[in-house]
Amino acid sequence: MMFPKDFLWGGAVAANQCEGAYLEDGKGLSVPDMILGGDVNTPRRFLRVTDSDAFYPSHEAVDFYHHYKEDIALLGEMGFKCFRLSINWGRIFPNGDDETPNEAGLKFYDDVFDECRKHGIEPLVTLCHYEIPWSIVTKYHGFLSKETIDLFVKYAVTCFERYKDKVKYWLTFNEINMPCMCVGEDGMGVLFGLGLMEDEDINATEPISQKDIKTDMQKVFEALHNEFVASALAVRKGHEINPNFMIGNMIAQTTMYPLTPNPEDVFACYTKGNFTNNFCGDVQVRGEYPTYAYKYFKNHKVDTSFITEEDKEILKNGTVDFYTFSYYTSTCMTTDKQAEKTVGNMSVGVKKPYLKASDWGWQIDPLGLRYTLNVLHGRYPHIPLMVVENGFGAFDQVEEDGSIHDDYRIDYLREHVRCMGDAIEDGVPLIGYTTWGPIDLVSAGTGQYAKRYGFIYVDRHDNGTGSFSRSRKDSFFWYRKVIRSHGEEL
Ligand code: BGP
């Protein structure tokens, strides 16, 4: 195995999926606080929080807010070199447009980063992992408004200045391409990513299923453009504050293959994959909109006058230092309308023959990760890559003696680590790997506790029972061995 000695082995979480304490110490509401739980057969629903006693997974999540010391100590015990986590924007600016930041929120992350350093763990911080303050949705329609660019930059600068000596690695927006996958299909992805929602839906008094939340193509791409601008401005400011910062983008990667060698399938795959997987990365790495994006907009009657000359200049001057992505699954493309659909990380496509799938239907394709790394390196040869999410959501069984034998998770991770090692040998400059949810947390897609990714089990269940106590699964010991041996012992 070819993993470098300074490889950033670790895990990744998002504030809204692990912290809980959703109104504690001055935090304001943010988007996920409005999304009810679901399951593999029941889509999540939106309902603005009233006094309802409905189940909102983010409100308690796994209570990392009160367990962070214990959790980070466990990550340290596994030998983590890196811990990816997000700052919940609403803890810092509870209403999004507050004059001054909330000191209690800033202090919390100071403590978290200090705790990481104590255990020799490098934090990798996502500034916005679907955590747009709710007031920005209601007052500004999320990133549809130019004012939100300024609000984000102010928030980013506040974090950069406060943590400039504690955090080196930053990501601006989690899975910035999510709206490209969801537009016209799933309004929850658009709400998560852009904080964009129609007033009629915002004010609904009955829950709205994620598929029924309305999305408007013109508005989605205008808001996404503003997000690109906000990201580029933040990159620029960050480098002014600390020239050593490494600031990256983050893409939800769903690798696509043509279902058949029929050129029609090959071309359908190329155009779809290019837009969903590559478009945002091209803007953030190369600093300009690619020509195929203009073609897409033309085909979908999106007026692109929002891409001004001034904004083009900003994009050019705010390109990222490294490219990061999530990778769970792959999919196939075909022009055959009868082919059986598959599911994945909000992705659309059809089932790939040959592959097994998780209980949530996400197909398992480790070699696809090696392929993806090689393709990405070919596309952006001058910057390092990092896999910042990968993992296996599964039901875990706790034995009478408290042990958890999660061989299925180990099998999944082992094969993906092996393929990353092969990619490094192929010449890919891969600098790190953070598995998704090293501590069990609530799922973003379904809102469940039962869909577990962790090396560390959290005793909490969808029926509201459980003590939040933590315990080590078999995979905990396996990952510790992998890190200790620099990927030699799998
Ligand atoms: C990514 C998100 C994460 C995470 C992961 C797994 O899209 O960045 O927040 O949740 O997918 O998805 P799920 O939670 O639906 O299993």
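**Overall fold, core and salt bridges**

For a chain of 490 residues, a compact globule would be expected to have a radius of gyration near 23 Å, and the 21 Å found for the protein chain agrees with this. The model discussed here is a predicted one. Along the principal axes, its C-alpha atoms occupy a box of roughly 60 × 55 × 50 Å. The secondary structure of the protein chain comprises 17 helices and twelve strands. Of the 490 residues, 60% are buried. Among contacts with a separation of 6 or more, 75% are between residues 24 or more positions apart. The surface that the protein chain exposes amounts to about 18,400 Å², and carbon and sulfur atoms contribute 50% of that area.

The interior is a good place to begin a closer look. The largest nonpolar core contains 146 residues, and those with the most contacts inside it are Phe152, Trp170, Phe221 and Phe279. Phe279 gives a helpful view of the packing: leaving out residues up to four places away in sequence, Phe279 touches Cys180, Phe221, Leu224, Phe228, Asn274, Tyr289, Pro290, Tyr292, Ala293 and Phe297. Another core lies apart from the largest one; this core has nine residues, including Leu8, Phe322, Met386 and Val388.

Strand β7 deserves attention next. This strand spans residues 246-258, and eleven of its 13 residues are buried, so β7 is largely enclosed by the rest of the structure. Strand β5 (residues 169-173) pairs with β7 in the parallel sense through three bridges, and Leu171 stands opposite Gly248 of β7. Strand β8 (residues 322-333) also runs parallel to β7, to which ten bridges join it. Here Gly248 stands opposite Phe322 of β8. Gly248 therefore has Leu171 as its opposite residue in one pairing and Phe322 in the other. Ile247 is also part of β7. With a relative accessible area of 0%, Ile247 falls below the 20% cut-off and is buried. When neighbours within four places in sequence are set aside, the contacts of Ile247 are Phe160, Trp170, Thr172, Ala234, Val235, Gly238, His239, Val320, Asp321 and Phe322. Trp170 belongs to the residues with the most contacts inside the largest nonpolar core, whereas Phe322 is a member of the nine-residue core. Along the chain, Ile247 and Asn262 are 15 residues apart, and their C-alpha atoms are separated by 40 Å.

Charged side chains add another layer to the picture, with a count of 34 salt bridges. One of these joins Arg460 to Glu60, with 2.7 Å between the closest N and O atoms. The pair links distant parts of the chain, 400 residues apart: Arg460 sits in the loop between β11 (456-458) and β12 (470-472), and Glu60 in helix α2 (residues 57-60). The two partners can also be described by their accessibility. Arg460 has a relative accessibility of 9% and counts as buried, while Glu60, at 40%, counts as partly exposed.

A salt bridge between Asp110 and Arg162 likewise has its closest N and O atoms 2.7 Å apart. This pair, too, links distant parts of the chain, with Asp110 in helix α5 (residues 103-118) and Arg162 in helix α7 (residues 146-163), 52 residues apart. Asp110 is buried, its relative accessible area being 10%, and Arg162 is partly exposed at 29% relative accessibility.

Within a single helix, the side chains of Asp282 and Arg286 form a salt bridge with an N to O distance of 3.5 Å. Both residues lie in helix α12 (residues 263-286), where four residues, about one turn of the helix, set them apart. Asp282 is buried, with 0% relative accessibility, whereas Arg286 is partly exposed, with a relative accessible area of 44%.

Salt bridges also join into a network, which links Asp396, Asp406, Arg409, Asp440, Arg452 and Lys473.

Notes:
Residues numbered from 1 in each chain as written. Predicted model: local features only at pLDDT ≥ 70, side-chain atom pairs only at ≥ 80, totals over all residues. Heavy atoms only, no water. Core = buried A, V, L, I, M, F, W, Y, C linked by side-chain atoms within 4.5 Å. Buried < 20%, exposed > 50% of the residue type's maximum accessible area, 1.4 Å probe, protein only. Contact = heavy atoms within 4.5 Å. Helix = DSSP H or I, 4+ residues; strand = E, 2+ residues; numbered from the N terminus. Pairing = 2+ DSSP bridges. Rg over C-alpha atoms; globule rule 2.2 N^0.38 Å. Areas by Shrake-Rupley, 256 points an atom, 1.4 Å probe, with all protein chains shown as cover. Salt bridge = Lys/Arg side-chain N within 4 Å of Asp/Glu carboxyl O.
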